[in-house]
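Colleague: I should like to go through the interface between the chains and one of the sheets in this model. Please give the criteria as you use each term.

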Amino acid sequence: MNITLKIWRQKNKLDKGKFVTYKLDGVSSEMTFLEMLDYLNEKLIKEDADPIAFDSDCREGICGMCGLYINGRPNGPEKGVTTCQLSMSVFKDGDKITVEPWRSKAFPVIKDLVVDRNSFDKLIQVGGYISANTGAAPEANSIPVKKENAERAFDSGTCIGCGTCVAACKNASAMLFVSAKISQLALLPQGQVEARKRVIDMINEMDNLGFGNCSNTGACEAECPKEIKLTNIARLNREYLKAF
Amino acid sequence: MTKLDAKIPEGPLAEKWTKYQASVKLVNPANKKNLDIIVVGAGAAGASAAASLAELGYNVKVYVFQDSSRRAHSIASQGGINATKNYKNDADSDYRLFYDMIKGGDFRAREANVYRAAEVSNNIIDQYVAQGVPFAREYSGYLANRSFGGVQVSRTFYAQGQTGQQCTLAAYQALSRQIKTGKAKIFTRRDMLDLVVIDGKARGIITRNLITGEIERHSAHAVVFATGGFGTVYYLSTLAINSNGSAALAAYKKGAFLANPSMAQIHPTCIPVLNDYQSKLTLMSESLRNDGRVWVPKEKGDKRPASGIKEEERDYYLERKYPAFGNLVPRDVASRAAKERCDEGYGVGDTGLAVYLDFKDAINEQGHDTIKGKYGTLFDLYKKVTGINPYKEPMRIYPASHYTMGGLWVDYNLMTTVPGLYAIGEANFSDHGANRLGASSLMQCSGDGYFILPVTIGDYLADQIKIPHISTDTSEFDEAEKAVKDKLNKLLSVKGTQTPTSFHKRLGHILWTYSGMKRNEEGLKKALLQVKELKEEFWKDVKVSGGLNELNHELEKAGRVADFFEIANLIIIDALNRKESCGAHFREEYQTPEGEAERDDKNYSYVATWEYTGENSVPELHKEDLVFEFVKPTKRSYK
């Protein structure tokens, strides 16, 4: 099929950036979205043009490295997929596709579609862990964990840190990301000891890093490729209230 | 002849590690703060090592090419992690896990290292649970287990099909805590491009800042490579597309011997190649073979849909050929069997390069919900990639490049032949012999990182305390930096017509054809020549767009592909040298009448390690003889 791509180009952090339009023919519906961009880049290189910079690594929806705004939606029109899992079969011949990087103050653009999500690491660094030094752990079965709690903790723990939630949110809030980690650890007995400090520190850091506030519109849940639930934010709020 | 000393402690197998720890040299806590350690790569091995070393008080510097250490490809490990807890009361023990790994590796791994890996396995589960890994639980609240290929006990701990993600994130979080304390420092978006050796010791690395393009120098008292495997040398693989062999090659060129590079695992259950544009292959966890049955039609070229093929017209070939282990034979055996059926014309799907993995019976017996509970995330993943619903139709699968058992040679301390350079996790060679068993990679990575390296590195660093901060202002750093810059400039200056990716694809095709699941002398020799020619063509005609001082993915790729030629060369040389079949290395000349691997213990019971001897000269072979004190190598049978 033939498609027209309108892609955000920006040389570096300081550049103002602009949209550039590319016509691309010979696109197969069997390609993934990123393979289509690979195909475009191979073509651009052959034509002595500058290929489009975008991040990706595992290409199976687990590393969280990719993530693009496609036709006004994070990761495109399909539900529950990362950008690398999006198939070109959802598009048809003649389609116009607009591709943008994540837009958020906390995720500055590095080049073209590549953004800096280091602020997510900073959020984890202030408390997204259990302080169990190597060697200090008791026998794994000494503390039983309710099956349903382990499963809910797992569901929260499946967050891949891709930044979709922030990109989807009109306030650029990191509440879903933070709440997923808070919830995972709050649901486990091992996470209780530091629960109070963890939630306060992570919330404070979220504000420091320039993320916006949560106004419960639920765009994050609707767009999350791992379908992390809004109930995590409810739990985060409970944990936060409990901490004082 | 050998320059290799594995430094295996004396004494009975089960006492070696205990005795070693009792006598290993220690670094006083006050001195640790004066010692710097570089860790390259931060997956399950690198992050757990970096966190544990920082907790001990060392100054740790971590380098990753992704934007965060949470992205390392350990994150994609699916099925589980082994430990000898014996929670199932099925007679599991350290010895049994050790034996399974030695046998699974077709008697080509080092006994002492494998036993130690089994010994620390339980501590890993304890550690991960304490750090908040939500492993699957029984209704009692106690931990659940499942089975994996090549074993007859249930010792695998798991978190649905995302065990690697949960474990890697726990290690990442432990490292994050140390970053906050300042004991660890992380350098993201850095490509490690060379190792710096001063007076025969590893003292630093050269990195490229992938955003600015700046070439940087970093020094330390010791360097740890946790850089994973190089299965991407085959182009299509289950690995992340940026995974590479450049660290292994850099170490090799600075004097570290590369061991068994041809021992490459081709994983039997991956989503088959769908088209020419494909950039990677997706793994379907081996755990699926707990309940899935593998089959092809009994009739050659039968193109009817699976649902139209009656029960008596199906050939459950693994159950037929290997009744004792059935669908749970080890990976090398399952991969070869799939290839054999497809090569004979029984394959399914449009290309004929696929076999069925069928859950119909399991769903009928256990119910839809139980199967969903065990494999839901994997079924969803399969459906996303292929559009086929595996609850209704059997999955189509085919083998794909996955894991490298070979890697940097290390002694019992996990130190390479370059003093002060360590290799941990998939980057080293030591624990999996000629074939890795499922769920033992996360186990080995975590064991190396959390429990083994933090002890063994002290033995070396104890002698380094008198050496102050290592300067980067030395001739060795100058030379290494110059070599890196020269190579990058050379890549940019070729200005040819073909992209790095197009070369990578062609290289992968050569290796897959001649040095994949089956190999023979004639093909390998052909491959050796073809790789050489392709490499020459690359350096004459590669086209790398963009410049040095900017974010330039093409330049990154080009550098990696340039290194892949040399890795490929070593793989082929190693495969030619080993005139026997063992594990994943199957030489067609050496097989039993039934088509199984025929090992030659008399002549090849050794680790083949290769020493760099110069740009265009043949690497020198050094052998580490494998001494089996505690198990008797037997014919490896799963029948």
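Colleague: How many residues of chain B are in contact with chain A, and which helix of chain B supplies the largest share of that side?

Modeller: This is a predicted model, in which local features need pLDDT of at least 70, side-chain atom pairs count only at pLDDT 80 or more, and totals for chains, interfaces and linings use all residues. Residues are numbered from 1 along each chain as its sequence is written, with chains lettered from A and ligands numbered from 1 in the order in which they are written. Contact (C-beta atoms, placed from the backbone, within 7 Å) joins 60 residues of chain A to 62 residues of chain B. Among helices (DSSP runs of H or I, at least four residues, numbered from the N terminus), the largest share of the side of chain B, nine residues, comes from H6(B).

Colleague: How are H2(A) and H6(B) oriented to each other?

Modeller: The axes (lines fitted to C-alpha atoms over the stretch in contact, with angles from 0 to 180 degrees between N-to-C directions) come within 8 Å and cross at roughly 85°. Angles of 65 to 115 degrees count as roughly perpendicular. H2(A) and H6(B) are therefore roughly perpendicular.

Colleague: Which strands stand at the edges of the open sheet of four strands in chain B?

Modeller: The strands (DSSP runs of E, at least two residues) pair if DSSP finds at least two bridges between them. Their order is S16-S10-S18-S19, with antiparallel pairing. Each edge strand has a single partner, so one side is left without a neighbour in the sheet; these strands are S16 (407-408) and S19 (620-625) of chain B.

Note on methods
Contact = placed C-beta atoms within 7 Å. Parallel < 35°, antiparallel > 145°, perpendicular 65-115°, else oblique.
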